[in-house]
Each structure stands twice: as structure tokens, then as C-alpha cells.
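Subject: the structure, and what turned up in it

Hi,

Here is the model we talked about, with some notes on what I found in it. Have a look at it first, then read on.

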Amino acid sequence: MKKDTILKIEKLKKYFPIKKGLFTFSKDYVKAVDDVDIHIRHGETFGLVGESGCGKTTLGRVAIQLIPATSGTIYFMGKNLTELNKSELRRIRPHMQIVFQDPSSSLDPRMTVKQIVGEPLLINKKLKGEALNKKVLELLYTVGLNEQHLYRYPHEFSGGQKQRIGIARALALNPDFIVLDEPTSALDVSVQAQILNLLKDLQNKFGLTYLFITHDLSVIHYISNRVAIMYAGKIVEVSKTKELFEKQLHPYTEALLSAIPIPDPKVKKKLKPLKGEVPSLINPPSGCRFHPRCTKRMPICSKLEPELREIEEQHFVACHLYNREIKG
């Protein structure tokens, strides 16, 4: 693993068995994440984009072992998380945290802000009394809150304030890596901008690394350094963010970017709408999973699954259009 890489995922799979009855499982599985390879460098924001149900949230949770992988390897700071036992994993958990999508459901309604933010410190760093109060207050100031909020409950806050509490909780143990699972999707647009700017400031201040999961490409364009496009459990394109917005290689990425609205009624944009339905993750299409909806499909697309290949410098794509052997 390269020295500048904080997280490296290889051949990662996460299959969920389908319950047939109350206590039995069928032989079918939901293939939420299927043979995924990515690496994330220290200090960068790595964007993960895809439509709802593509497996991006599952990938984020498996990456920090909130749920176990079916197979594959996850190297975090040089250690293979899939080989660690519970006590070893517990020791490394402070270095990796998560901010959830819905701040209302991710905060315990029976706990005050002091208890929510202080709980990780109480459990892991054994802080008590005045030391705990001082650290919690410091974290609240860091995310734009103050001592007036210490003894309030989650229902007394706006959506943006709740998300700030969630961010403070994630920062409590001085992590190196944070999974941001659509942290702005439940917020108003003006509040989204405030949270995004806060996340950028925190990254610069503490040297954080982010995995930013979203379906909003405009947000990715603003905050991420590199981005991976996910479709039906597979990564189909990876590139530097600026280059991806200038030149898309995969037909699915082209369709996604064509759907970004332009805030100018005089500008006419050529849309590339997708036809057909999102494939089932229980019984995905053979070959390339995008081929039933692709306008550029070839006969080989339904038979052979494309590999993720580096077509240009640091620009990878899984598409037979760029396979020289097949094109030849």
C-alpha cells in the first residue's frame, strides 16, 4: 500500500441474504457491493456518487466495519480490518468515524447535547467531570455551537444544528478518517452551504480525510478532490473531480452530469435521459450491469463484465468502449 494511502479496498463484496421465512434464509442475496476496488489518500475528500440503491451507503459502512464484509480486504492505516478481532477493532475505531445522513434519527432523543457529544469521550478516553465538560464545550465551539446548547435535547434544534452536533460527536476522538453519508441531503440549500464550508474548514484545521457519499454532483464538484461513480454495486468510473466534469468516459457518468441543472433560463442544455429501470441487485444483468440502459452498448457488453482500467492518467473506467483488445 502506498504511504499516502489511508484506506485501500480490494475486491470488496457485501451480500445480504434474503429471508424466506421468520427464521430461514433463501439462497438469494442482495449484492449491494460487488467486487469493488478503491483507495483514498491522506487529507483528501473522496466523493462516492450514484443513484439511490446503488450500494454507496453500504460501501461506506463496510469500509469502517460498521457491518462486516462478505469477502475482500480493507486496509486502514496499513491494517487489514477484516482480519482484526473485536478488541483489536475497538482500539482502531477512534481513528475512523461516521456522520449519518439524517441528523434527526442519528441523535438519541433522550440524551442532551452534552451527553451525545461526551459519550465517546466517556467510553474511550475515560474523561469525567470538569475535563469532560471542557472538551465537550470545545467541540461545540468548533462546530459553531456554544454553552447555551449543552443541556438541550435534539428536538430543540434545527436540521443544520443537529448535523453540527453529529459532526462534533464524530470529531470527539480526534479521528483521521470520516465517512460522510449524505450529510447535507436532508438540509435546506442555504444550510447545506454552511455545513459544506464547515467540513472544509475542519479538514484544513485537523488534517482530516473524508469519504463523501452523495447523489448530488454539484456538492461533489465543490468539495471533493477525486470521485468514484457507482452503479448497481459496481464502480464504473474514478477520476479527479475537475477532469471528470470536463470529460466523462462512461455513458452512465455522461447521463448523470447532463442532468445537473444550470441556473440560467437562457442556457439550453442537452439532456441524456436514461431509459429502462435500475437493475435488481438480487439478479443483476450479465456482463456490464449498465448495458440494458446504455445507448452505446455492443454485443460483448451483455456477455463480458468490463474491468476498471486506467485510460488516462488517474482516470479509470469500466467500459468495453475503451478496451483496445475488443475494439481491435
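To start with a small spot: how does the lining of the second largest cavity divide by class, into nonpolar, polar and charged residues? There are six nonpolar, two polar and one charged. Before going further, please keep in mind that this is a predicted model.

**Cavities**

Searching the whole structure gives two cavities of 30 Å³ or more. The largest cavity holds about 80 Å³ of space. It has 13 lining residues, and those closest to its centre are Pro251, Cys288, Cys294, Cys301 and Cys319. By class, that lining has eight nonpolar, three polar and two charged residues.

The second largest cavity, the one I opened with, has about 40 Å³ of space. Its lining is made up of Glu51, Ser52, Gly53 and Cys54, together with Tyr231, Ala232, Val278, Pro279 and Leu281. Ala232 shows up again in the hairpin of E9 and E10, where two residues sit between the strands and Ala232 takes a positive phi near 50°.

**The E9–E10 hairpin and E12**

E9 and E10 are antiparallel and share six bridges. One residue to click on here is Ile229, which stands opposite Glu237 in E10. E10 also pairs with strand E12 (residues 315–317), again antiparallel, through two bridges. Glu237 turns up in this pairing too, opposite Val317 in E12. As for E10 itself, six of its seven residues are buried, which leaves the strand mostly covered.

**The four-stranded sheet**

Next, an open sheet of four strands: the order is E2-E1-E4-E5, with antiparallel pairing. Strand E2 (25–41) and strand E5 (79–80) each have a single partner strand, so each of these edge strands has one side without a neighbour in the sheet. Further in, strand E1 (residues 5–19) runs antiparallel to strand E4 (residues 71–76), and five bridges join them. Helix H1 (residues 56–63) packs on the sheet, where it touches E1, E2 and E4, and its direction makes about 115° with that of E1. If you want a pair to find on screen, Glu10 has Thr73 in E4 as its bridge partner.

**Pockets**

The sheet and the hairpin come together in the largest pocket: E1, E2, strand E9 (226–231) and strand E10 (234–240) each give at least two residues to its lining. E2 supplies the largest share, six residues. The volume of this pocket is about 700 Å³. It is lined by 30 residues, and Val36, Asp37, Ile38, Leu308 and Phe316 lie nearest its centre. The lining splits into 15 nonpolar, three polar and twelve charged residues.

The second largest pocket has about 540 Å³ of space. Of its 21 lining residues, Gln97, Ile98, Pro120, Arg169 and Leu173 are the closest to the centre. Strand E6 (96–99), helix H4 (113–125) and helix H6 (159–171) are the elements that give two or more residues to this lining. Which of them gives the most to the lining? H4 does, with five residues. By class, the lining of this pocket has 13 nonpolar, three polar and five charged residues.

That's what I have for now.

Cheers

Technical notes. Residues numbered from 1 in each chain as written. Predicted model: local features only at pLDDT ≥ 70, side-chain atom pairs only at ≥ 80, totals over all residues. Heavy atoms only, no water. Pairing = 2+ DSSP bridges. Contact = heavy atoms within 4.5 Å. Axes fitted to C-alpha atoms, helices over the stretch in contact; angles between N-to-C directions. 1 Å grid on protein atoms, 1.4 Å probe; cavity = no way out; pocket = protein on both sides within 12 Å on 5 of 7 lines; lining within 4 Å. Points joined across faces, edges and corners; volume = space filled by probe spheres on them. Nonpolar A, V, L, I, M, F, W, Y, C, P; charged D, E, K, R; others polar. Buried < 20%, exposed > 50% of the residue type's maximum accessible area, 1.4 Å probe, protein only.
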